[in-house]
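Let's take a walk through this model together. We'll start at the ligand and work our way to the nonpolar core.

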Amino acid sequence: MDLIAQVQGKLDALAAQSLTRRRRSADSPCAPRQVVDGRPMLAFCSNDYLGLAAHPAVVAALREGAELYGAGSGASHLVSGHSRAHALLEERLAAFEAPHLFDAKALYFCTGYMANLATLTALGADADAMIFSEALNHASLIDGARLAKAGVTVYPHGDVAALEAKLAASTASSKIVVTDSVFSMDGVFAPLPELLAACERHGAWLVVDDAHGFGVLGRHGRGALEHFDLRSPNLVYVGTLGKAAGVGGAFVAAHRAVIELLVQRARPYIYTTAAPPALAHALLASLDIIAGEEGLRRRAHLSALIARLDEALRLVRWQRPFSPTAIQPIVIGANDEALRVAASLHEQGLWVPAIRPPTVAPGTARLRVTLCAAHTEQDVAQLAAALNQLEMERPSA
Ligand SMILES: *Cc1c(COP(=O)(O)O)cnc(C)c1O
């Protein structure tokens, strides 16, 4: 019983700081109007930015993929689990990102978490290499850097000059700079053009985690590299496919030599069962939408919704960092107030997650509103009205 008591003590400590997380179970597909724990809700929490997770063409392709390839892959990619669907998807993704890379190839992963572990452990495999990691990077990049044999140094958020000083002082055998493109809890951009210029000056890789940009940013939805019009052999691009692409998995696109190194050496690629080929088949349909007319329309609608929210919110006490993306945080501050506000919204049938430390810095607990192309202007107006009202009702403690 001592062992259990020890674990219970840890849980009690979390509860005492209002840090206990709980899961809700969705009874219907991911969409703005969703039945959750048996109750209809209007949701502002998914990363399904284009509304493709339940898109009929993507769902039909998933069904077709299962008919063509079965349910599971049966083995890892290097044994026998690599299917035609995976190969076709990788070709399509490489061609999609090719305008921004040199001699591009792409590699499909089960998750973005694994793609980041793979990239950093493979590029940072030597003890005399150095990973330069942005302070607000996603947990999967932090974990990838920890797992790599390379040394790790963290540079301050958005501070290209500080990074450049570190690069200039470094004698590492290889230098790997890694950053989110859009910071997942703030919605703001990393200064990618300046970061890339610094990397080129110092012979460093720039690994860009575009989890929140792929599919949404850029005229064609190619993501952050298209948005900033970047092209370089130093770029290693990670796009995730469970967010705007609506399905699951992720890919790395880079020079073919980098991709070959990942295939040969990256343990999170090699020692895991390949994702079901049907997912790759479904992703071909979602890429058709992202790259086509419908993708253009969906991205334009999403931009209109972001502008609408901006006009409608009238907040004085809570902070709203400027965000040009679908991630629209409302920083409340204290954990318990953030939780109370999220609970009040929930009572009104509005589902907005409260994000607390350690995901964000202490004292910056927030509501993380995410908009999606499947929302309507009325949905956004309803949320803004509820938030304006709640802010007035609840003076800070
Ligand atoms: C979601 C996310 C990931 C992880 O991707 P998954 O496919 O969900 O594992 C990686 N990086 C960032 C910035 C993310 O937001």
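What follows is a short tour of the ligand site and then of the core.

Keep in mind that you're looking at a predicted model. Start with the ligand: 13 residues surround it, and the closest are Gly112, Tyr113, Asp209, His212 and Lys243. If you sort that shell by class, you get 8 polar residues, 3 charged ones and 2 nonpolar ones. Looking for the element that gives the most to the shell? That's helix H5, which spans residues 112–123 and puts in 3 residues.

Now for the polar pairs. On the backbone side, a polar atom of Gly112 sits 2.7 Å from an oxygen atom of the ligand. A ligand nitrogen atom, meanwhile, is 3.4 Å from an N or O atom in the side chain of His138. His212 also joins in through its side chain, with a polar atom 2.6 Å from a ligand oxygen atom. As for cover, the ligand taken alone exposes 380 Å², and the protein buries 81% of that.

Leave the ligand now and turn to the largest nonpolar core, which has 85 residues. Which of them touch the most other members? Those are Val177, Phe214, Leu345, Leu367 and Leu371. Helix H12, covering residues 277–291, gives the most to this core, with 8 residues.

So where does the core lie relative to the domains? Domain 1 (24–54 + 293–392) and domain 2 (56–291) both give residues to it, so the core lies between them.

Terms used:
Residues are numbered from 1 along each chain as its sequence is written. This is a predicted model: local features need pLDDT of at least 70, side-chain atom pairs count only at pLDDT 80 or more; totals for chains, interfaces and linings use all residues. Side-chain values use heavy atoms; hydrogens and water are left out. A residue is near a molecule or strand if one of its heavy atoms lies within 4 Å of it. A polar contact is a pair of N or O atoms within 3.5 Å; within protein, one must be able to donate a hydrogen and the other to accept it, and residues adjacent in sequence count only if both atoms are side-chain atoms. Accessible areas come from the Shrake-Rupley method with a 1.4 Å probe; for residues, only the protein chains shown count as cover. Helices (H or I, at least four residues) and strands (E, at least two) are DSSP runs, numbered from the N terminus. Ala, Val, Leu, Ile, Met, Phe, Trp, Tyr, Cys and Pro count as nonpolar, Asp, Glu, Lys and Arg as charged, and the others, Gly among them, as polar. A nonpolar core is a set of buried Ala, Val, Leu, Ile, Met, Phe, Trp, Tyr and Cys residues joined through side-chain atoms within 4.5 Å. Buried means under 20% relative accessible area, exposed over 50%, partly exposed in between (1.4 Å probe, protein chains only). Domain bounds come from an automatic or database domain assignment.
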